[in-house]
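Dear colleague,

I am handing over a structure for you to look through, and my notes on what was found in it follow below. Please keep it open while you read.

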Amino acid sequence: MVLRYDNPHFNIAEVACLYAGFLGLGTLKTFKQQRRGPEPLSRKSRFGKEPLKIVSWWILALALTYVIDIANLVVYALRTPNWWPHKASVVCLVLSLLFWGIVLISCTDTSELPRYTNSFFSAYRVNVLYAWLTEAIFETVFLAFTPIPGDTFQGILMADHLARLLLCIFAFAIYVTYRRKKPSRDMMDYEERRMFESGTQLDPELGQDQSSQALPQAAKKSDSKKPPKNTSWIAYFKSFAILFPYLWPVKNFRLQLHIFVCVILLVIGRIANILAPRQLGVVTEKLSQTGSGVPWFEVFLFVFYRFLQGNMGLVGSLRSFLWIPVSQYAYRALSTKALQHVLGLSYDFHLNKRGGEVLAALTKANSVNTFVEQLLFQIGPVLTDLAVAIIYFFVKFDVYFSLIVLVMTFCYCYVTVKITSWRTEARRKMVNSWRDSYGVQNDAIMNYETVKNFDADDFENHRFGDAVDAYLRQENTVLSSLSVLNIIQGGIFTSSLCVACLLSAYKVSFGYNTVGDFVVLLTYMTQLQQPLNFFGTLYRSLQNSIIDAERLLEIFEEQPTVLEREDATPLKVTDGRVAFSNVSFAYDPRKPVLSNVSFVAEPGKVIALVGESGGGKSTIMRILLRFFDVNNGSITIDDQDIRDVTLSSLRSSIGVVPQDSILFNDTVMYNIKYAKPGASDEEVYEAAKAAQIHDRILEFPDGYNSRVGERGLKLSGGEKQRMAVARAILKNPTIILLDEATSALDTNTERHIQASLNRLAAGRTAIVIAHRLSTITNADLILCIHNGKIVETGTHEDLLKHEDGVYKKMWLQQANKDSSSKKFSTE
Ligand SMILES: Nc1ncnc2c1ncn2[C@@H]1O[C@H](COP(=O)(O)OP(=O)(O)OP(=O)(O)O)[C@@H](O)[C@H]1O
Ligand SMILES: N[C@@H](CCC(=O)N[C@@H](CS)C(=O)NCC(=O)O)C(=O)O
């Protein structure tokens, strides 16, 4: 057997093996990894920086041999009359070049990978090895079965094949050399650094609103705490799967139908995108045939197809219209679920959270939805149109046109993504510097008096001027890089259009194609340009919504630490006896907060917890409400362990009057009724009367309809606490937890509050945290808490009898303080 130098079958076989094997192995590997689960990064990375560099140079050299091959063919074809290389050979050469180009980029450029996915090369090492092997085998076969070159053309081809074989052998040598080495610390660090670099590069530009501006920095910090994992793409996207059920309208058949119709409309849109240029070709054909009359129908059909086309066309608009309820459904489902989830998380999450961060993540609840929409209706259609163009041109015209679109697509997308990522960073800086200049301006105006006092007008003007300059410099970068991006995009698109048009013009002139074909080609290509023009912007917003979705996902992955048992029953409160037996608890195992706390709060009695600050009094309340679970011992209410009952029944049986009640920014009525939404106005008045706040409320300008302001700021501390008491009275629980206000109030207010608290405690089990001992002298039992232990118990009188007792000391101290402050105030 003798192989020709320009052998199409050989070339096709080689390219087919390369692509099929590479993709097949890639898929296999991804699934395998998926089943095994993520692996720690360090175990994977056998390749450090240096080998990766050598490999990259090697692949570049290999790609260059194909460039030389192509150039050789072109030169030979131009110099030899009536000789054309075989079409398949040309296509295969270009595809091989593209293949190695992609591998090269994947090995050297990992910055586009999302966090937690591994670098291309570490994931696809097997595939690259496979490609080397395939090349080596094919080159050996070629060299073995091809005659000695007869001219320069064949000589160059032969030299290229030989070079490729040598490069493959060289690559194996590199691989085998480095493979044996144990991964050094440095190598791992390098890989890890790459992972993090790739993660942080993905941060979006900052949004326009303050809340989202604060976010990326904080998010970056929290991310860096997570160990990097080698995760496959599937696993990465699978982690989003927990959000998808909220996107799909499970029970709503009508919405499912909407989605179905939208998908059909999408397909119709793609078809219209072929039909319109095709029809223009038909019209052109008709018009160029003299004497065939006016092609009314053809023209009408063309106009009709045009009417269907585009996002603003009939099909696009109909699709947008039908999608509205689907998108709204998803928004509702996701945002309510997110809030429900966050509210369901345990107290420790809420203690540790950065409030703004959680809220910002929740306001982006729509991000997953936006992500799906962008993929489905924007990026998806553009890429489909390109794929359709490749197939259509192949079927209708010539494989060369498909090749042009294919190479153009790749170059266009790659360059756009690269430049856009860089620009995203520049935009972030621009937004930051804008915020700085805004801050300077704001400072100057807010501190008007200080500025004037120090005669600092000039200083402030300069400061602001500098800040604006800094902003303008960043803006300049952003805007000029936009122009550069547009020029490069235009350049890539226009060159492919130019090649396609020249080729088509050539074919038309030699009669291989008709003028109509030229028109179809030109129209189809130009209509691709418009959506491609926004590819960068689309890519950026896609990235942003993925990042937002990731944050939402992090919240969804958060699990409550206090869980309800599956067989939990509702708490049945009969008398309201609360018993702590040998309870120990710590927020952090290294620092015990409560140890061996035992006491019984008998029904209808008032138990007071006193002791120094930080002793653990509030903790007792928190564990009774089961915001945390005890580490040892148990808490029972009417002989039912609180871990065995449902959380909601537990919390609804207990009334809490916190030290500093926080109210909702609504009316007084709304705030009191919050304890019992179904209560009548009369019940509210009764509760308010019992809490000694009714008369005061009536003095407000709008009575019960007065608004209390943000967090109840418009009310005084005493009023707020009595509102809280009114709430608790309305709720009418058997057990009351009361955290007394620490701050000394005026005697009148204090008397009112005391009276309202007495009314509240009457007939209920009350556990009171007392800061001022004078308020609990009548308590049935006083527990002195010191360092998380109960050190003394008894009534006020009992405890005062202990000469060296903790309680007595506190009592004397407070009595002293009170008398000295009274003295001071009367002087
Ligand atoms: N969420 C938490 N995480 C870790 N430690 C905590 C947490 N909350 C409280 N602590 C610690 O637990 C101890 C007891 O706190 P607790 O609030 O129960 O004291 P307290 O007696 O109510 O004090 P105060 O009278 O000042 O409110 C303190 O040392 C406190 O620092
Ligand atoms: N061709 C570019 C730019 C497209 C464009 O002009 N986008 C509009 C928004 S739809 C814009 O204002 N971009 C500003 C920018 O990218 O800085 C791309 O692919 O991103």
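The shell around ligand 2 divides into four nonpolar, five polar and three charged residues, where Ala, Val, Leu, Ile, Met, Phe, Trp, Tyr, Cys and Pro count as nonpolar, Asp, Glu, Lys and Arg as charged, and the others, Gly among them, as polar. This is a predicted model, in which local features need pLDDT of at least 70 and side-chain atom pairs count only at pLDDT 80 or more, while totals for chains, interfaces and linings use all residues. Residues are numbered from 1 along each chain as its sequence is written, chains are lettered from A and ligands numbered from 1 in the order in which they are written, and side-chain values use heavy atoms, with hydrogens and water left out.

Among the residues around ligand 2 (those with a heavy atom within 4 Å of it) are Arg423, Asn486 and Arg540. Helix H16 (399-446), helix H18 (457-509) and helix H20 (535-557) each supply at least two residues of this shell, helices being DSSP runs of H or I with at least four residues, numbered from the N terminus.

Three polar contacts (pairs of N or O atoms within 3.5 Å) deserve a look. An oxygen atom of ligand 2 is 2.6 Å from a side-chain N or O atom of Arg427, while backbone N or O atoms lie 3.4 Å from a ligand oxygen in the case of Phe535 and 2.8 Å in the case of Thr537. The protein covers 71% of the 490 Å² of accessible area that ligand 2 has on its own, by the Shrake-Rupley method with a 1.4 Å probe.

With kind regards

How values were computed:
Polar contact = N/O pair within 3.5 Å; in protein donor to acceptor, adjacent residues only side chain to side chain.
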